[in-house]
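Notebook open, structure loaded. I want to look up the empty spaces first, then the DNA contacts.

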Amino acid sequence: MTTDADAPTTSAPDLTELILWFRSNARALPWREPDVTGWGVLVSETMLQQTPVRRVEPIWLEWMSRWPAPSDLAATSQAEVLRAWGKLGYPRRALRLHEAAGVVATEHDDVVPSDVDTLLALPGVGAYTARAVAAFAYGKRVPVVDTNVRRVVARAVHGAGDAGPPATNRDLADVEALLPADEARASALSAGLMELGQTVCTVRSPECERCPVRRRCAWQHNGRPAYAGPAKKVQKFAGTDRQVRGKLLDVLRGAEGPVARKQLDAVWSDAGQRDRCLDSLLVDGLMEQTDDGRFALPGEH
DNA sequence: TTCCCGCCAG
DNA sequence: CTGGCCGGAA
């Protein structure tokens with residue numbers, strides 16, 4: 001008997017129980033309500049990039065109330081959008097979402113596309129978000145891979161303690177292979193994989209006794225070995241340009257109109273770093289300089 | 001102090 | 001493929 005060199009070294013476990021688990025254990029998040037549009041899902045997924053659910057919830061509700069359609073947001077100034085983004089962090093996301101809203105309004109009849117490649121062409125929409133919108137807003141059978149899903153698959157399928165460095169194409173193919181043929185079941189599994197990674201199969205203290213797939217989990221069968229790959233990098237915040245940019249922008253969000261240079265100088269003592277950050281904020285389009293040399297949120301004056 | 005964890009420019 | 005981009009909760 002010959003062996004197939006391309007055969008996977010591990011066989012995919014049956015994850016049917018994860019679909020059932022998700023259907024009865026999914027957290028009741030506002031963007032999961034049945035009447036939420038593709039626009040609502042795009043806004044939620046963009047806000048959820050790098051920002052925890054609890055901080056996103058109130059802002060998302062406000063946005064949906066103020067801007068129920070892409071054209072509503074597109075008609076708003078960048079300054080107002082940045083203020084409404086508040087302290088969700090990484091405000092370039094807000095600018096890109098504003099820009100994407102304009103594209104959807106003018107080129108897609110004010111309806112967020114359901115096709116992955118069309119979604120990928122929108123500003124701020126990458127491999128994860130495009131597929132999340134396709135799967136969660138439109139019920140499509142596409143692999144949705146974030147870091148939680150990578151960890152769940154690394155454990156349940158490959159028996160490792162955690163996923164190694166991202167390898168987008170391989171990761172997508174990996175998860176694609178797990179999806180059932182049926183669209184509704186596939187999107188439920190995609191959502192279930194994420195939910196499991198966020199709430200049960202966590203990095204540091206997985207609650208395996210609560211896990212719906214524990215009896216089929218390769219990591220369990222391996223005796224839950226520790227993560228063996230290269231050390232993960234820890235991201236600093238205190239003292240970084242990110243912190244300084246945040247402080248500078250916060251001054252403008254809190255001001256009525258343009259502010260003098262002196263007010264910005266007050267938030268950080270290192271002049272060199274301050275100037276560098278100010279410059280990068282201008283380059284990023286997160287602030288503008290007025291004719292008289294003051295600073296303002298974009299599109300405000 | 002540590003953790004969170006997607007997009008994009010270089 | 002690597003590193004920079006926010007800010008708050010644990």
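Which element gives the most to the lining of the largest cavity? I looked it up, and α9 does, with 3 residues. Note to self: I am working from a predicted model.

**Entry 1, the cavity.** My count came to 1 cavity of 30 Å³ or more. I get about 100 Å³ of space in it. The lining has 15 residues, and C201, C208, C211, C217 and W219 are the ones nearest the centre. By class I have 11 nonpolar, 1 polar and 3 charged residues there. Besides α9 (147-156), I noted α12 (218-221) as an element that supplies at least two residues of this lining.

**Entry 2, the largest pocket.** Next I turned to the open spaces. The largest pocket comes out at about 1700 Å³. It is lined by 46 residues, and closest to its centre I find Y128, D146, N148, M194 and Q198. Several helices give two or more residues to that lining: α2 (38-48), α8 (127-138), α9, α10 (168-176) and α11 (183-199). I sorted the lining by class and got 23 nonpolar, 12 polar and 11 charged residues.

**Entry 3, the second largest pocket.** This one has a volume of about 570 Å³. I listed 22 lining residues, with G89, Y90, P91, R242 and G246 closest to the centre. The largest share of the lining, 8 residues, comes from α13. The classes here are 8 nonpolar, 6 polar and 8 charged.

**Entry 4, DNA strand C.** Which residues come nearest to DNA strand C? Of the 15 residues around the strand, I wrote down P91, Q235, R242, R245 and G246. P91, R242 and G246 are also on my list of residues closest to the centre of the second largest pocket. Helix α13 (residues 241-254) gives the most to the surface near the strand, with 5 residues. By class I count 4 nonpolar, 3 polar and 8 charged residues on that surface.

**Entry 5, what the protein touches on the strand.** I checked which parts of DNA strand C lie within 4 Å of the protein: 61% of those atoms belong to sugar or phosphate, and the rest to bases. Then I went through single contacts.

- Q235 has a polar side-chain atom 2.7 Å from a base nitrogen of DNA strand C.
- Y90 puts a polar backbone atom 3.0 Å from a sugar or linking oxygen of the strand.
- K233 has a polar side-chain atom 3.3 Å from a phosphate oxygen of the strand.

Notes:
Residues are numbered from 1 along each chain as its sequence is written. Chains are lettered from A and ligands numbered from 1 in the order in which they are written. This is a predicted model: local features need pLDDT of at least 70, side-chain atom pairs count only at pLDDT 80 or more; totals for chains, interfaces and linings use all residues. Side-chain values use heavy atoms; hydrogens and water are left out. A residue is near a molecule or strand if one of its heavy atoms lies within 4 Å of it. A polar contact is a pair of N or O atoms within 3.5 Å; within protein, one must be able to donate a hydrogen and the other to accept it, and residues adjacent in sequence count only if both atoms are side-chain atoms. Helices (H or I, at least four residues) and strands (E, at least two) are DSSP runs, numbered from the N terminus. Ala, Val, Leu, Ile, Met, Phe, Trp, Tyr, Cys and Pro count as nonpolar, Asp, Glu, Lys and Arg as charged, and the others, Gly among them, as polar. On a 1 Å grid over the protein atoms alone, a cavity is a set of points where a 1.4 Å probe fits but cannot get out, and a pocket is an open set with protein on both sides within 12 Å along at least five of seven lines; lining residues have an atom within 4 Å of a point. Grid points are joined across faces, edges and corners, and a volume is the space filled by probe spheres set on the points.
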